Amino acid sequence: MTAFMVALVLVVAAAGLLRWRRPAWYWMTFGVTLASLRVLVRYASVMDACGLTVPPSRWRLALARVTNRPVPESRPPRILRFRPTRTGLVLRLGLRPGQDAFDIAAASDRLRHSFSIYGVTSREVRSGVVEVRMTGYDVLKRVQMPAKLDTRPLRVPVALREDGSVHYRDYRAVPHALTLGATESGKSVYQRNLVAGLAPMDVALVGIDCKQGVELFPLARRFSALADNPDTAAELLDALVSRMEGVYQLIRAEQRITADVPDAEIAADIWDLPEHLQPVPVVVLVDEVAELALFASKDEEKRRDRIITALVRLAQLGRAAGIYLEICGQRFGSELGKGITMLRAQLTGRTAHRVNDETSANMAFGDISPDAVLAAIQIPAELRGLAVAGDSTGGWHRIRAPHTSLRQAVNTCNRHADRTPALPELAPFRPELTGTPEAPVPLSKTAPATA
Ligand SMILES: Nc1ncnc2c1ncn2[C@@H]1O[C@H](COP(=O)(O)OP(=O)(O)OP(=O)(O)O)[C@@H](O)[C@H]1O
Ligand SMILES: [Mg+2]
C-alpha cells in the first residue's frame, strides 16, 4: 500500500513538473487522456450549459407522448469524429436543425473554460458540419514543428498556427506575399525560415537585402543572385524582368502562338510546359523594402521609380513565368510614394508581426479583414515572432515561426548549395564565394550540428 502511495505521489509530481516545464510532453503523456475523458464525459452537460443544444423535435415529443415515456431532453450537436492530436483534440460536429457555425464560434470561449482547455477554434467544413480544434497548451510559446510534414513543391511549412496546425507558405496558391512588422518583431527570422524551407526544393533564390546584406549574405551559397544596395537591386530587378520576358517567349513558342498575340492573352504558365523545358521557378526575397523606395536626390528618385516599376511588373506578370515575390518591411504604405499601393494590391499573402500603430496594421489587413487589424495591434512586444497571417479570402490566423538561428539557416543552405541553379540572366549578381562549402558548424560550443 505504501509503495502504491509513493508511486502515485511520484506520478502526480512528475505530471505537475512536466505540465510546468514541458507542456508538450505533458500533453502527450497525461494531458491527452485526461482531456479526452473530460470532453467525452462532460460533453452533453457542457453543450447544454453553453446554449448549444436544441429542444426535441415535434415528432420526438409526439412519440414520447404516445409511448408514455418521459419528455426527451434537448440534444447537443452529434460528435461525428473525435481525434486526439499532438497538440490537442479535434472534434467534428454534426449540427442539429436550427444551429449554425457561428453559434459554435461564438461559444468557443465558453467551451474553452468549461472543458478547461487552452484554446478552442472552429471552422465550417461543409454545410451542417463544423470542426472544433482544441489545444491543450500554448503551442506558440515554444514552437515545435511536427516531424511529419506534408511537403509539396513550392509549399513551405513555415510556422505553427495557434490551433496547432501547420501554416504553409504555398507559392503555387499565393504567389506573392507581404510581411510587415515593427523593428525587432521577427520579420527576418520568418524570412530565414522560408529560405531554410525552400533550400531543399528545386527553386532559384534571389535576395535583395538593403541592410548591407547582413540577413541574406550569410546564406549566399544557396542564392542564385543577391543585391545589398538599391543600385544593384535596380539592375537585378531589370534582369529579372528580362528573364520573365524570356520565359514568356518560351511559353509562346511552345504554344505555337504567333508573336503578335498580345501578352495579356497568354493564359499558360511554366507548369504547363513539358518537364524538360520547364524553367526553374524563382523566389525573390526582399528585406527592408522601404530602403528601395526612399530617395534624397533626383538621381535616386529615378532609380526608385525604376525599382518600383520593375517590382510592379514582376508582381503583375511574374506568377505565370514562375517568379514569386516575398516582400518584408516595417511599413508599406502610400507615404513611400507612387506605385506602392498598386504593388501592395498584388501581394495576396499578408503577414503582420507586432506593429506599433493601427495604420501599419492597416497596410497589411485594412483592405482584407478589420478583425485581423485588431489582432495584429494586440500582439505583445515580448512575444517576438508572433504574427497574424491572412489572405485575400478574409481568413486569418495567429502564427509563429520556429526560432531558426542564422547558424542553423546557414548550415541548411550550405548543405543544399549544390541545388543552387545558375541563371544566365542573373549571372552578374551571383554572390562571390570563396573556398569550398564549409562543413556544418556546431550550433553552440557544446552541441553537435543538428540542422
Ligand atoms: N519566431 C521567433 N521565435 C522566437 N524568437 C524570435 C522569433 N522571431 C524573432 N525572434 C527574436 O526577435 C529578434 C528579432 O527578430 P528579427 O531580426 O527577425 O526582427 P526584424 O523584424 O527583422 O527586425 P528589423 O526590422 O530590425 O530587421 C531575433 O533576434 C530573435 O531573438
Ligand atoms: Mg530584419
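In this predicted model, Ala159 has its bridge partner in β6, where that partner is His167. The two residues belong to a pairing in which strand β5, residues 155-161, and strand β6, residues 166-170, run in the antiparallel sense over five bridges. Together β5 and β6 form a hairpin with four residues between them, and within the turn Gly164 takes a positive phi of about 95°. Strand β5 also pairs with strand β14, residues 396-400, again in the antiparallel sense but over two bridges, and Leu160 is the residue that stands opposite Arg400 in β14.

From this hairpin one can step back to the chain as a whole, whose secondary structure comes to 13 helices and 14 strands. The chain is divided into domain 1, covering 14-135, and domain 2, covering 155-429, and the C-alpha centres of domain 1 and domain 2 lie 41 Å apart. Measured out along the principal axes, if one may put it in terms of the computed trace, the C-alpha atoms of the chain span about 85 × 60 × 45 Å. Of the 451 residues in the chain, 37% are buried, and among contacts between residues at least 6 apart in sequence, 65% join residues that are at least 24 apart.The next stop is a stretch to which the UniProt record, in an unreviewed entry, assigns the feature "binding site", namely Gly181, Ala182, Thr183, Glu184, Ser185, Gly186, Lys187 and Ser188. Two of these residues can be followed in detail, beginning with Ala182, which sits in the loop between β7 (177-180) and α6 (187-198). Ala182 counts as partly exposed because it has 18 C-beta neighbours inside 10 Å, where 20 or more would be needed for a residue to be buried. Once its neighbours within four places in sequence are left aside, Ala182 is in contact with Gln330, Arg354, Val355 and Asn356.

Ser185 also has its place in the loop between β7 and α6, yet Ser185 is buried, because 24 other C-beta atoms lie within 10 Å. Its contacts, again leaving aside neighbours within four places in sequence, are with His353, Arg354 and Arg384. Arg384 appears once more around ligand 1, which is surrounded by 14 residues, the closest being Gly186, Ser188, Val189, Arg384 and Gly385. The largest share of this shell comes from α6, which supplies three residues. By character, the residues of the shell around ligand 1 divide into two nonpolar, eight polar and four charged.

Two backbone details remain to be considered. Most residues other than glycine have a negative phi. Against that background, Ser116 is notable for a positive phi of about 50° although it is not a glycine. Ser116 lies in the loop between α5 (108-114) and β3 (119-126), and it counts as exposed because it has 12 C-beta neighbours inside 10 Å. Gln212, likewise a residue other than glycine, has a positive phi near 55°. The place of Gln212 is in the loop between β8 (204-209) and β9 (223-227), and with 11 C-beta neighbours inside 10 Å this residue, too, counts as exposed.

Technical notes
Residues are numbered from 1 along each chain as its sequence is written. Chains are lettered from A and ligands numbered from 1 in the order in which they are written. This is a predicted model: local features need pLDDT of at least 70, side-chain atom pairs count only at pLDDT 80 or more; totals for chains, interfaces and linings use all residues. UniProt positions are given in the numbering used here, feature names are shortened, and annotations may be inferred rather than shown by experiment. Two residues are in contact if their C-beta atoms, placed from the backbone, lie within 7 Å. A residue is near a molecule or strand if its C-beta atom, placed from the backbone, lies within 6 Å of it. Ala, Val, Leu, Ile, Met, Phe, Trp, Tyr, Cys and Pro count as nonpolar, Asp, Glu, Lys and Arg as charged, and the others, Gly among them, as polar. Domain bounds come from an automatic or database domain assignment. Two strands pair if DSSP finds at least two bridges between them.
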